[in-house]
Amino acid sequence: MEISGIISAIIIGIIIGVLGRLVVPGRQHIGVLLTIVVGIVAALIGAAIASGLGVADTKGIDWIEWLIQIGLAGVGIAALDRSRSRR
């Protein structure tokens with residue numbers, strides 16, 4: 001992976017993390033860095049899932065891929081929030 005790919009993954013991860021955080025209702029008790037990390041991981045896993053389903057490379061905006069990534073980010077943020085609140 002080139003440096004431009006890493007930078008774009010970080011930027012996409014920030015966007016996905018913020019959107020995933022907006023999907024989860026209530027206040028989350030995780031920081032901004034964890035939100036970004038969850039977003040990056042969700043973006044990478046979501047891209048792999050979309051590629052496996054054959055919807056990763058479409059003409060125009062890949063809405064299905066974005067929805068998968070945002071859903072995964074929401075699940076990741078909710079899981080981290082629950083694990084943090086139990087401590």
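Here are some friendly notes on a predicted model, arranged by helix and by residue.

1. **The surface patch.** A good place to begin is the outside of the model. Ile3, Ile6, Ile7, Ile10, Ile11, Ile14, Ile15, Val18, Leu19 and Leu22 together make up a nonpolar surface patch. The accessible area of these residues adds up to about 860 Å².

2. **Two members of the patch.** Ile14 and Ile10 both belong to the patch, and each has its own entry here. Ile14 sits in helix α1, which covers residues 3–23. Its relative accessible area is 34%, so Ile14 is classed as partly exposed. Ile10 is in helix α1 too, and its relative accessibility of 38% makes Ile10 partly exposed. For a sense of distance, the C-alpha atoms of Ile10 and Gly46 lie 14 Å apart, with the two positions 36 residues apart in sequence numbering.

3. **Gln28 in its loop.** Moving on along the chain, Gln28 is placed in the loop between α1 and α2, the latter being residues 32–53. Is Gln28 buried or exposed? Gln28 is buried, because its relative accessible area is 8% and the cut-off for buried is under 20%. Its side chain has two polar partners worth a look on screen. One is the side chain of Arg21, at 3.3 Å. Another is the backbone oxygen of Val24, which is 3.0 Å from a polar atom of the Gln28 side chain. With neighbours within four places in sequence set aside, Gln28 is in contact with Arg21, Ile77 and Asp81.

4. **Thr35 and Arg21.** Thr35 is part of helix α2. With a relative accessible area of 6%, Thr35 is buried. Which side chain does the side chain of Thr35 meet in a polar contact? That partner is Arg21, at 2.7 Å. Arg21 therefore appears twice in these notes, since its side chain also makes a polar contact with that of Gln28, which is buried because its relative accessible area is 8%. Beyond residues up to four places away in sequence, Thr35 touches Gly17, Val18, Arg21, Ile30 and Ile77. Ile77 is likewise among the contacts of Gln28.

5. **The geometry of α3.** Helix α3 runs over residues 63–85. How far apart are its end C-alpha atoms? They are 33 Å apart, and this agrees with the 33 Å that 23 residues should span at 1.5 Å a residue. Within this helix, the C-alpha atoms of Ala78 and Leu67 are 16 Å apart, for a separation of 11 residues along the chain.

6. **Buried and partly exposed residues of α3.** The buried residues of α3 are Glu65, Ile68, Gln69, Ile70, Ala73, Gly74, Ile77 and Asp81. Of these, Ile77 and Asp81 are the ones already met as contacts of Gln28. Ala78, also in α3, counts as partly exposed because its relative accessibility is 22%, and buried requires a value under 20%.

7. **Ser83.** A last residue to visit in helix α3 is Ser83. Ser83 is partly exposed, at a relative accessible area of 35%. Its side chain reaches back to the backbone oxygen of Leu80, at a distance of 2.9 Å. Ser83 and His29 are 54 residues apart along the chain, yet their C-alpha atoms are separated by 9.7 Å.

Methods: Residues numbered from 1 in each chain as written. Predicted model: local features only at pLDDT ≥ 70, side-chain atom pairs only at ≥ 80, totals over all residues. Heavy atoms only, no water. Patch = residues over 30% accessible without salt bridge, like charges linked within 9 Å, V, L, I, M, F, W, Y side chains within 5 Å. Areas by Shrake-Rupley, 256 points an atom, 1.4 Å probe, with all protein chains shown as cover. Salt bridge = Lys/Arg side-chain N within 4 Å of Asp/Glu carboxyl O. Helix = DSSP H or I, 4+ residues; strand = E, 2+ residues; numbered from the N terminus. Buried < 20%, exposed > 50% of the residue type's maximum accessible area, 1.4 Å probe, protein only. Expected span 1.5 Å × (residues − 1). Polar contact = N/O pair within 3.5 Å; in protein donor to acceptor, adjacent residues only side chain to side chain. Contact = heavy atoms within 4.5 Å.
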